[in-house]
Amino acid sequence: MAVDTAGVDRALGAIGTTFRLTRLYPPTHPAVMEALRQIGDALPPLAALGTVEWKIGATGLHWHGQHLLPRNMQIAELAGLLYARGIRAITLNPGMTADHVLALFGVAMGTILPDDTALGRIALALGRRSSQRLERLRAPTPPVSVPAAPVAAPSPSSPPPSAASSAPPVPAGSVVSATPVAPAPVPAAAEAAGRRTGVVFRPDVVPADVEAKRAVASLGSAATLEEQRAAVDKLHGLAPQLLGLHNAGPVAEAIAALDHILVTAQDAALVEAIDKTALALSDRSLVGRMVQRLGEPRVPPEEREALVAAVGALAAVSVPLVLDAFVATPVELRAPYRAAIRKAADRALEPLQGHLADSNPAIAAAAAEFVGLTGSPQAVALLLPLVHHNSEFVREAALIGLAEAGGREISRPAMPALKDESVSVRLAAARAIAAGGDQASSTVLIRRLEQELDEGVLAELLRAIGRLGAREALDVLARYAEPGGMRNRRSAMVRAAAIEGLRHIARPEARGLLELYSKDKEPAVRKAAEAALR
């Protein structure tokens, strides 16, 4: 009966492509890194099959009597190289990573021994001759507690063995009486024999990360209190083993599952068990690895989601680490840290308060932005004094945090920042006033239009006027959407911003203007009008 090999074929295809690329480019090449990422995406379906053993032939890989990907030349070449080195079977255990596959390539190229620890969850079985050849490559182990017995050179007149056995005993002092002593069995020989037999298969032992995944799955599907308690106790028992793996992924999944069930848990004993389990899993070094992993560019979406939930759940420990990592991470990679603080919510407020007065403006600015992301009612009261901070970075971050918090009470305190000397602070002030939603603030914004010299700030003011939707907003936005005269021609960015503001005004005149500018000669203006009409 044929076996469904769709998941296996996909994983082998990614492995073959990566094998070809690693022979052409160094491991840091973007093409190799992307191929390794594809291997990581293809491994979960393979791990779902459990322990898989492939036979290695001279022309390819075989599984349950089927030739896997017979037309894939890369896989055939990889199998041929492994076969030439005496490897006859390969065993893949759950938990295998792309780094282990790279080590397998090293075995094929002869740079790594078949039993090297770099192979991780991959085990290779050698043929009998190859295992003996591998033993000869190792340093010989000296016998333990076996004295060296001197062997006398045989004399020409010595009798044959049969005669010697029937000869009468000779005095002990003569040379002939020194009979050869049979060597004692060497303990290393048993180990060598065990290694020659190939890989030791233990079907009764499941890796800790696989056990944790099963416990997380059972915790999510548990319908009764007893099932939930059993799953939590299982995770608590696996905590030392998970920490010993030094892998942030399984620990993050476990903590995220515990945090998810904590919201609906009502039994005091269950809540206490969840707290104990989370405390056992919250190793500071591993939390630091989770925070670092959040800022890495190539993280699978499922793992990133678990990391965000875990870092948010451990806010009391992770917030200082998140602040340092947020400052050191490029701007385009900071979104996961913001998501983690949103997930933490009120739990992150207390650790953040102590960093609002930090002597480092970058840390204080990050803490101010994060306070707004918590959504706490106390956020506005904590951020308002920072609007007048000495550092422009802190003032900007405080206004960004106020915009995240929202509410009409933020509009009036943010108005003086419209005259700040920093362009970025004025931009943040316009966005904060728009987020406040107070239509009475439109008068201040319209008055500021005539005084603003920076086009970026001017565009943000126009968008804010449109979002507030005051009665006089239509006339102002219509005037700034016009191209202007020869001497005072408006830029496409300002006109596009005015049109973006018009989309928020639900009046027939605004829609007529949008239809008119959808045929404008300026591409930016035309695209903005078309987007507003959708």
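Reader: In which helix is A280 found?

Author: In this predicted model, A280 touches H236, A239 and L243, leaving aside residues up to four places away in sequence. The helix in which A280 itself is found spans residues 268–281, and that helix is α11.

Reader: Is A280 buried, partly exposed or exposed, and what separates its C-alpha atom from that of P240?

Author: A residue counts as partly exposed when its relative accessible area falls between the buried limit of 20% and the exposed limit of 50%, and A280 has a relative accessible area of 28%, so it is partly exposed. A280 and P240 are 40 residues apart along the chain, and their C-alpha atoms are separated by 7.9 Å.

Reader: How many helices and strands does the protein have, and what percentage of its residues count as buried?

Author: The secondary structure comes to 27 helices and 5 strands. Among contacts between residues at least 6 apart in sequence, 65% join residues at least 24 apart. Of the 534 residues of the protein, the share that counts as buried is 42%.

Reader: Why is helix α25 described as largely enclosed by the rest of the structure, and which helices are included in what covers its buried residues?

Author: Helix α25 covers residues 492–502, and 8 of these 11 residues are buried, so the helix is largely enclosed by the rest of the structure. The buried residues are V494, R495, A496, A497, A498, I499, G501 and L502. What covers them includes the helices α23 (455–468), α24 (473–481), α26 (508–517) and α27 (523–533).

Reader: Which residues of strand β5 are buried on each of its two sides?

Author: In a regular strand the side chains alternate between the two faces of the sheet. For β5, residues 122–126, 5 of the 5 residues are buried, so this strand is largely enclosed by the rest of the structure. Both of its faces are covered, with I122, L124 and L126 buried on one side and, on the other, A123 and A125.

Reader: How do strands β4 and β5 run, and which residue of β5 is the bridge partner of I87?

Author: Strand β4 takes in residues 87–92, and 5 bridges join it to β5, the two strands running antiparallel. Within β5, the bridge partner of I87 is L126.

Reader: Which residues have the most contacts inside the largest nonpolar core, and which helix gives the largest share of this core?

Author: The largest nonpolar core has 116 residues, and those with the most contacts inside it are M290 and L399. The largest share of this core, 9 residues, comes from a helix covering residues 361–373, namely α17.

Reader: Which residues does M290 touch, and how many residues are in the second, separate core?

Author: Not counting residues up to four places away in sequence, M290 touches A248, V251, A252, I255, L307, A310 and V311. The second core is separate and includes A14, L36, I39 and A42, and the number of its residues is 39.

Reader: Is T18 buried or exposed, and which residues does T18 touch?

Author: T18 is found in helix α1. Its relative accessible area is 0%, so T18 is buried. Leaving out residues up to four places away in sequence, T18 touches A35, L36, I39 and F105.

Reader: What is the volume of the largest cavity, and which element supplies the largest share of its lining?

Author: A search of the whole structure finds 1 cavity of 30 Å³ or more, and the largest cavity has a volume of about 110 Å³. Its lining draws at least two residues from each of α1 (6–22), β1 (52–56), α3 (73–84), β4 and α4 (98–109). The largest share, 4 residues, comes from α3.

Reader: How many nonpolar, polar and charged residues line the largest cavity, and which lie nearest its centre?

Author: By class, the lining has 15 nonpolar, no polar and no charged residues. Of the 15 lining residues, those nearest the centre of the cavity are W54, L61, L78, I90 and L104.

Reader: Where does H64 lie, and what is its phi?

Author: H64 lies in the loop between β2 (61–63) and β3 (66–68), and because its relative accessibility is 58%, H64 counts as exposed. Most residues other than glycine have a negative phi. H64 is not a glycine, yet its phi is positive, at about 55 degrees.

Reader: In which loop is H246 found, and what is its relative accessible area?

Author: H246 has a positive phi of about 55 degrees although it is not a glycine. The loop in which H246 is found runs between α9 (225–245) and α10 (248–262). H246 is exposed, and its relative accessible area is 65%.

Technical notes: Residues numbered from 1 in each chain as written. Predicted model: local features only at pLDDT ≥ 70, side-chain atom pairs only at ≥ 80, totals over all residues. Heavy atoms only, no water. Buried < 20%, exposed > 50% of the residue type's maximum accessible area, 1.4 Å probe, protein only. Contact = heavy atoms within 4.5 Å. Pairing = 2+ DSSP bridges. Core = buried A, V, L, I, M, F, W, Y, C linked by side-chain atoms within 4.5 Å. 1 Å grid on protein atoms, 1.4 Å probe; cavity = no way out; pocket = protein on both sides within 12 Å on 5 of 7 lines; lining within 4 Å. Points joined across faces, edges and corners; volume = space filled by probe spheres on them. Nonpolar A, V, L, I, M, F, W, Y, C, P; charged D, E, K, R; others polar.
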